[in-house]
Amino acid sequence: MEQKTFFRLIFLIVTAGFIISFTSTNFSHGPTKLLDCSDSSSSPLCASRNFLFNKQQPRPIPKHDPKKKTKNHDHASDTPNHPLDPLTVVEINKVRSILTSHALFTSGTPHAFHTVVLEEPDKNLVRLWEKGNPLPPRKASVIARVGTDTHVLTVDISTGKVESENIPVNVSGYPMMTIEEMNDMTVLPFSNADFNRTILSRGVNLTDVICYPISCGWFGGKEDNARVIKNQCFLTQGTANFYMRPIEGLTILIDLDTKKVIEISDTGRAVPIPGSTNTDYRFEKLVTTDKTRRLNPISIEQPRGPSFVIEDNHLVKWANWEFHLKPDPRAGVVLSRVRVHDPDTQETRDVMYKGFVSELFVPYMDPSDAWYFKTYMDAGEYGFGLQAMPLVPLNDCPRNAAYMDGVFAAADGTPFVRENMVCIFESYAGDIGWRHSESPITGLPIREVRPKVTLVVRMAASVGLSGILMVKGTPYQNKNQVEKDKEGNEEELHGTLLSENVIGVIHDHYVTFYLDLDVDGPDNSFVKVNLKRQETEPGESPRKSYLKAVRNIAKTEKDGQIKLSLYDPSEFHVINSGKTTRVGNPTGYKVVPRATAASLLDHDDPPQKRGAFTNNQIWVTPYNKSEQWAGGLFTYQSHGDDTLEVWSDRDRDIENKDIVVWYTLGFHHIPCQEDFPIMPTVSSSFDLKPTNFFERNPILGAAPNFEHDLPVCGVQSVSA
């Protein structure tokens, strides 16, 4: 197979090679379409009266769609073909059957399944497995709540055996919330008479109010010995974008286990509810006299069809690359067994065993009573994959995209299907892979250019850096009304006045990636290649100084804790010292950071204790199957006692070991008026790039484009 490109793992939309892309909605904690109920038989949850914000009407087929969208396939007939394939509908039903007859769940005590996913086989078994071999025993990993107790179970699907894992007594926190809990919390406040009186006293109809659940972090006090959540409410009247109409200062504290309102705090009675004018963002609702020239439709066309194939539902092959891809309720998307065929050696070589988003930390920067607790851990509290949205063809993904569904378990163990959760497609944005043109003075008429083509894996979730801001109500309609002290300093708004009575609160986004690199095998080392200024000796050269690369192999985890700095420029290599190129360089890949942000919060601030994995941008740990979630297995209301920082501070050996690199991508977000009423997408990225992995430029053999290979579309005349 022709060598076309090199591997790149990139957050959001960048270019070249092979990327995993997460596009998402910035209003990360509002009511969302959490469950795809296009098939009403998929889960009893779809019929629940509490399924308030998840009633999905069939989306009308846009006029420009060439054909009606059909289901990918019938998941009821799925069978696993790979050791890492996610649990099928049949397997989830079997797990449910096994557990519902288990003594733990037959006592009549209320229970719920918070996680039901594949218990992945040991890494060595997966690495040695080849297609055609029998699959290792299929097992499910289950996290369940029975009454007020949490249980971690392993279910052998073939034998029905259930094993219970011991939870360390010194580890705090609770499991990820279930969809059902989130939906229950949206309607529960309306059963409380005090809440209803509070709403009515504002002159608002209860039928025009919508509430959503907000994870409340951990600050001690009322949250210390109970699993709790807080609600914030909005006025829906006059707009679909009710997020811009917050009922400010109204916070409802609820016990998630007893489903009882513990406390109602109302500190915002003097703050008016913002109006609905100019808040709608839907295309058909926009009325404008804007004279801006309309952009013509654009599409990527592939006359011969896509270049990639998906075998056995989850194995993606493209050019000389192959990898296993699966949706996950917590991580969103998981890439495993990433390998490349080397045309020079005819070997299929390992690059990465497993990569995914481990955690998303979003702290808001307002210390007031109604805002201080908004410090979300989106993967460990809500589930990055559970928040995934069905992708919109031709807009989320281009014409030749392939789609993959997520198959998850509801709280009662019933499987349901999230259709079109992931798409895979080739992207070309007119960028260049490589080029060279000879100077006219050489007399050589050489002009060689290659297009940069990228394979993209995309998921869109209701968390992230596009969509609707979380905003705060304010009495101010104009900046000139903001109060000033005697020195002329303005009152601290904790954000930007975006519209009349609306403040966009300052916040951060941190996305921490788990990267189990296996460069030519699992025994790797982490190398910090530091650029240092070297002074020349007197008389040595007309130059006074130059830069040299100083390579330092990290011996222990402390050596692999990296804070990025412009004034300490470095490259970060993962090498296999046991395998070298023909000229003697160890084979490797490097983590290439882009623009990022570092946390400025006090390390003793409770949110930062929980989000301590953002104290460095890079960490390196020895592989440990139990250490995958940067915020800990139980993130909800955790105290920060089981985080990546805690593991890394053990300072274990990491030289010539099976190691995991953790990279955190960060954003400081100071909202501006252009973010209202819905913000343009913000993007950044990092790369994984080969460094002496190949003997030469790996995309040298990429073919150029020729006119006869591509369609020429006629231009329709448009009347003025």
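Buried means under 20% relative accessible area, exposed over 50%, and partly exposed in between, using a 1.4 Å probe and protein chains only. By that yardstick, buried residues make up 53% of the 720 residues in this chain.

Before you click around: this is a predicted model, so local features need pLDDT of at least 70 and side-chain atom pairs count only at pLDDT 80 or more, while totals for chains, interfaces and linings use all residues. Numbering starts from 1 along each chain as its sequence is written, and side-chain values use heavy atoms, with hydrogens and water left out.

**Whole chain**

Start with a cartoon view. You'll find seven helices and 31 strands; helices (H or I, at least four residues) and strands (E, at least two) are DSSP runs, numbered from the N terminus. Of the contacts (heavy atoms within 4.5 Å) with a separation of 6 or more, 71% are between residues 24 or more positions apart. Switch on the surface, and you have about 33300 Å² of accessible area, 51% of it on carbon and sulfur atoms (Shrake-Rupley method, 1.4 Å probe).

**Helix α3**

Now select 179-187. This is α3, with eight of its nine residues buried, so the rest of the structure largely encloses it. The buried ones are Ile179, Glu180, Glu181, Met182, Asn183, Asp184, Met185 and Thr186. To see what covers them, show β2 (111-118), β6 (209-214), β7 (228-235), β8 (250-255), α5 (378-382) and β17 (415-427), which are among the covering elements.

**Two disulfides**

Three of those elements carry cysteines worth a click. The whole structure has two disulfides, taking a disulfide as a pair of cysteine sulfur atoms within 2.5 Å.

- Cys211 and Cys233: the sulfurs sit 2.1 Å apart, and the link is right-handed, with 95° about the S-S bond. Cys211 is in β6 and Cys233 in β7, 22 residues apart. Both Cys211 and Cys233 are buried.
- Cys397 and Cys423: here S to S is 2.2 Å, and the torsion is about -85°, so this disulfide is left-handed. Cys397 lies in the loop between α5 and β16 (402-409), and Cys423 in β17, 26 residues apart. Cys397 and Cys423 are buried as well.

Compare two further cysteines: Cys216 is buried, at 1% relative accessibility, whereas Cys672 is partly exposed, at 32%.

**The cores**

Next, show Leu325, Phe526 and Val661. Within the largest nonpolar core, which has 58 residues, these touch the most other members. A nonpolar core here is a set of buried Ala, Val, Leu, Ile, Met, Phe, Trp, Tyr and Cys residues joined through side-chain atoms within 4.5 Å. Strand β30 (657-669) gives the most to this core, with five residues. Zoom in on Val661: beyond its neighbours within four places in sequence, its contacts include Phe513, Phe526, Val574 and Trp619. Apart from this core lies another, of 51 residues, including Ile252, Tyr364 and Leu497.

**A three-stranded sheet**

Leu497 leads to the next stop: Leu497 stands opposite Ile503 in β23. Strands β22 and β23 (502-505) run antiparallel, joined by four bridges; pairing takes at least two DSSP bridges. The open sheet runs β21-β23-β22. With a single partner strand each, β21 (471-473) and β22 (495-499) are at the edges, so one side of each has no neighbour in the sheet.

**Last stop: Thr279**

Select Thr279, in the loop between β9 (260-266) and β10 (309-311). Is Thr279 buried or exposed? Thr279 is buried, with a relative accessible area of 1%. Leaving out residues up to four places away in sequence, Thr279 touches Thr239, Asn241, Met244, Phe676 and Pro677.
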